[in-house]
Structure formats: C-alpha cells, structure tokens
Amino acid sequence: MPERSASSFIAQSDRFGARNYAPVDVVLTRGERCFVWDVEGRRYFDFLSAYSAASQGHCHPRIVAALVEQASRLALPSRAFYNDRMGAMLERIAGVTGFAKVLPMNTGTEAVETAIKAMRRWGYEDKGVPDGEAEILVAEGNFHGRSTTIVGFSDEPAHARHFGPPTPGFRLVPFGDEAALAAAIGPRTVGVLLEPIQGEGGVRIPPAGYLARVRALCTQNRVLLAWDEVQTGLGRTGRMFAFEHEGARPDVLVLGKALSGGMYPVSCIAADDEIMRVFTPGSHGSTYGGNPIAAAVTLAALDVIEDERLAERAASLGEHALA
C-alpha cells in the first residue's frame, strides 16, 4: 500500500464523515504505553489517554492477548444463552466495587441511562412516588453522555441545541453546593446523579467534604445516590474510585472507559440487591452487553490495574506532576 500524507487522511475523513468533531490536524497510526505515533513518524505523549479509557496504556499486551484469544473462540452469542466468560467478569467487578450485583452494558452513556432507569423504577416501586412524576437531581456543568435524555439535562448549549424537547424529570443544581442540593430535594426526588469530579468544561473538583455531605443528604431523605465514575473511576484519582476519598459509597456506581483498557466498549452499573432487583427479564438489555470478548477484556484490564498498582501510581505521579 503506498504511503499517504496526513492531509489525505484528513481530507477523506472530512469528505465522508459527519463533522461532529473538530480534531487537531494529527493522524495517529500506532500506540504503545503512554505514546502515540502519527502517520509521519512523530511520537507524542498522550496526555488525553482517550479520556481515561486507555488508563492502562495503549495496546497493553495482556489485554490485547485476552481479546485475540477470546475473539478466536466465541465472540457474540445471544443473551438468550449464558456464556462461560460473563459470570467471571460480573463476579470480578462485584469484588472490586463491593456491590452485590452488576449489570453490563457497552458505552458510558448506556450505563448512565441504565442508572436513570434503576433510580426511577426504584422510586416508583419502593419509595412510592406516583408513576411518571419521579425527579432526579443533576449538577450544572455535568457531562454524562450524549443520548437525547442526557443532553436534555445538560446546561451546555452546544450539547443540547435543537435536540429537544428535553426529557422531563430532571432538575439542575449548582455543583459543589450541598445547601442548594438539600433545598432541591423534594417528596418526588428519587435520585441524585453526579460526577465526583467534573471533567467536561475544565476539571472541577468539589469542596472538601462535599461527597460525604451529599451521601448523608441522600441517606437522610431516602434518595438514591449515583456516582458517575466513568471518567474518575478505576484508579485515575489515586484511589480505585473517587468516592473512596471521602467514604461516600453510592447506591449506584456507573463505570466504563478504563473497564476495558481502551480495547473494547464495556460499561456497567453496580448496585446491591435492593436496587438491582427492579430489573426483570425483558425490562432492560443490550445485544453486546456481557459478551465473551467484553468479559475477557475486562478481566485482563482489571488485572492490569491491580497488578501494576495503577491507582497508587496515579497518586504518586499526580503529586509529582502538580509539584
């Protein structure tokens, strides 16, 4: 195959692709560890790491080997059957998170949508909120995904413009302000959905103690707390999960990205039986959720995080970088 210039790749993508991204004029062709190379041979440090999806490094050999081995054996049976890899993945995620049950999906957006479903159904069936009137509190400046439901409660105009009408049932409160959160909780509030650290409009770290105070507010008012740790989870903040910095264990934990080491779309929610039992056969699902490749890749990705002590490395290297 003849060599091609970066400009030819860019022109091809721009001609045939929708312009829903505006990337810099760099065409990547290879990745290894913390480095990526472009088609003209330049090497770069990858400080984006696919927004934490590649926290284990690009093309980690253990994760690649797990994907290749499983792909050659069984890739995607129907969820009408069990498969011999999913159970081990579910048990491993349950062990890492400390929750009893796990519901696997693919993308972070899907996992957030699953958390919304869980909180709403719990609100109707357990808390007794009248059907169709459940409310979930979310934070200004949030970024939980790009489905029509999720962008409907975004206050970023570029995300929501002309995608309405917004889905009802959500109310925005200022991020990091527990007094505003407390004032917003009402009898029809079934859940609070927050990122422990916001990362879309610049990294926004809440005041010390905020996570713990949110946990206490939700407990006092019998409201479910869902931490969206798609970006902050799995070692990125120096702990396995950001909520651990303040002992603010949620009712629903949302995970994705680094769950597969950047090799394959894998996400999930984790919760205890009281929450997860709201899902019954046929009430929710995903063609690819929990497939054998996803399971094999996830097991390898979690092995790498733990064996290479990536949370501890993030803590020590983070101190070094800030200094």
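Two residues are in contact when heavy atoms lie within 4.5 Å. The model is predicted.

**Exercise 1.** Leave aside neighbours within four places in sequence, and list the residues in contact with Leu-234.

*Solution.* Start with Met-240 and Phe-241. Next come Gly-256, Ala-258 and Leu-259. Leu-302 and Ile-305 complete the set.

**Exercise 2.** Place Leu-234 in the largest nonpolar core and find which helix gives the most to this core.

*Solution.* The largest nonpolar core has 50 residues. Leu-234 is among those with the most contacts inside it, along with Val-192, Val-214, Trp-227, Phe-241, Leu-253 and Leu-259. Helix H10, residues 292–307, gives the most to this core: nine residues. Another core lies apart from it. That one has 29 residues, including Leu-103, Ala-134, Val-252 and Met-276.

**Exercise 3.** Count the helices and strands, then explain why the protein is as compact as a globular protein of that length.

*Solution.* The protein has 11 helices and 10 strands. Its radius of gyration is 20 Å, and the globule rule gives 20 Å for 323 residues, so the protein is as compact as a globular protein of that length. Along the principal axes, the C-alpha trace spans about 65 × 45 × 45 Å.

**Exercise 4.** Describe burial, contact range and surface for the protein.

*Solution.* Take burial: 45% of the 323 residues count as buried. Then take contacts between residues at least 6 apart in sequence: 71% join residues at least 24 apart. Last, the accessible surface is about 16600 Å², with 55% belonging to carbon and sulfur atoms.

**Exercise 5.** How far apart are the mean positions of the positive and negative charges?

*Solution.* Count 32 positive and 38 negative charges. Their mean positions are 2 Å apart.

Conventions: Residues numbered from 1 in each chain as written. Predicted model: local features only at pLDDT ≥ 70, side-chain atom pairs only at ≥ 80, totals over all residues. Heavy atoms only, no water. Helix = DSSP H or I, 4+ residues; strand = E, 2+ residues; numbered from the N terminus. Rg over C-alpha atoms; globule rule 2.2 N^0.38 Å. Buried < 20%, exposed > 50% of the residue type's maximum accessible area, 1.4 Å probe, protein only. Areas by Shrake-Rupley, 256 points an atom, 1.4 Å probe, with all protein chains shown as cover. Lys, Arg positive; Asp, Glu negative; His and termini not counted. Charge placed at Lys NZ, Arg CZ, Asp CG, Glu CD. Core = buried A, V, L, I, M, F, W, Y, C linked by side-chain atoms within 4.5 Å.
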